[in-house]
Structure formats: structure tokens, C-alpha cells
Amino acid sequence: VAAYLRNADIALPLHDHRRSVGDEFSEVIAAGVDHPWRVREQEYFLKQYAPAVLSETPYWTAIILRRRTEAADRAMDVWIDCVLHHSRRDQLSVNFALTSTDTPVTPIRISNFESDIHRWLREDVLKKRRDLL
């Protein structure tokens, strides 16, 4: 953790199988995991106010390291505002939150599926409670 946060307030992995935030918007719509009108409205907002964000490599938000600094707190406030106002798919708004607040970030380059710092629990190890899904 100390190494990742040496020169930044936040560190998080880059998405390893999406080229751009714009691609992430397309995938969210194609997968049907949020209302298309809500996703398109957010994409329109970014096209108008922060078009460069759509070309950035998206961050993958399953792992987040951060310091409790004013800059990090401000970025987290913007991020939750975006998630509550736009799509609940937080990967659509994290780049905007970090970029718009000039928060120092260290990108972590790891596989999103498995790495030296994380392992997903397989369903045979931790059964999902279907009644909760």
C-alpha cells in the first residue's frame, strides 16, 4: 500500500479489458445492467463537459487504496454524487471524479481476474445466496 501511495492520494487498477471509458459506456448498455437512458444521459454530460475522459483507460473499482486527504475526500464526494445522480455503474464516473478534482492517482497494472494482490472467491468456495440476488 505504501508503495502505491508514495506519490498519490489514490491508487486503483486500470481496467484490463476496456480500451476507454467510452467503451465502458457501450458495454454497460449492451449488458443491460442499468437503464439505457440513464447511461446515455451520463455519456452526454461527459461529451459536453469532459470529453477527454471518454478516451481515458477506465479504472477498475474493485480495489481502491487511498489516503484520507482533502483531495481524495473531494474526489470521493464527486464520485458518489455522480453515482447517485447518473448511472449506478461506478466505473462510468470514477475517471471523471478523479480528473475533475485533479486528485493524484497511481494506476495499478494488474489483471482484473487474478493477481498477486487479489483472488476472486469461486462460487464453489463461497456459495452465492440466490435468495439475496
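A residue counts as buried when its relative accessible area is under 20%. Keep that cut-off in mind as we walk through this predicted model. Of the 133 residues of the protein, 41% count as buried.

Let's begin with the overall form. The C-alpha atoms fill a box of roughly 45 × 40 × 25 Å along the principal axes. For a chain of 133 residues, a compact globule would have a radius of gyration near 14 Å, and the value of 16 Å for this protein agrees with that. On the outside, the protein exposes about 8,400 Å², and carbon and sulfur atoms supply 51% of this area. There are 19 positive and 20 negative charges, and the mean positions of the two groups are 4 Å apart.

Now follow the chain itself. The secondary structure comes to 4 helices and 5 strands, and along the sequence they follow the pattern β-α-α-β-α-α-β-β-β. Parts of the chain that are distant in sequence often meet: among contacts between residues at least 6 apart in sequence, 77% join residues at least 24 apart.

The sheet is a good place to see such meetings. Strands of a sheet pair through backbone hydrogen bonds, either parallel or antiparallel. Here, 3 strands form an open sheet in the order S2-S1-S3, with mixed pairing. Strand S2 (65-66) and strand S3 (105-108) stand at the edges, each with a single partner strand, so one side of each is left without a neighbour in the sheet. Strand S1 (residues 10-13) and S3 run parallel and are joined by 4 bridges. To find one pairing by eye, look for Ala 11, whose bridge partner in S3 is Thr 106.

Two loop residues are worth a visit too. His 86 sits in the loop between helix H3 (70-85) and H4. Is His 86 buried or exposed? With a relative accessible area of 8%, His 86 is buried, because the cut-off is under 20%. Leaving aside neighbours within four places in sequence, His 86 is in contact with Arg 38, Glu 41, Gln 42 and Phe 45.

Further along, Asp 102 lies in the loop between helix H4 (94-100) and S3. Asp 102 has a relative accessible area of 66% and is therefore exposed, since exposed means over 50%. The backbone here deserves a look as well. Most residues other than glycine have a negative phi. Asp 102 is not a glycine, yet its phi is positive, at about 50°.

Terms used:
Residues numbered from 1 in each chain as written. Predicted model: local features only at pLDDT ≥ 70, side-chain atom pairs only at ≥ 80, totals over all residues. Heavy atoms only, no water. Pairing = 2+ DSSP bridges. Rg over C-alpha atoms; globule rule 2.2 N^0.38 Å. Buried < 20%, exposed > 50% of the residue type's maximum accessible area, 1.4 Å probe, protein only. Contact = heavy atoms within 4.5 Å. Areas by Shrake-Rupley, 256 points an atom, 1.4 Å probe, with all protein chains shown as cover. Lys, Arg positive; Asp, Glu negative; His and termini not counted. Charge placed at Lys NZ, Arg CZ, Asp CG, Glu CD.
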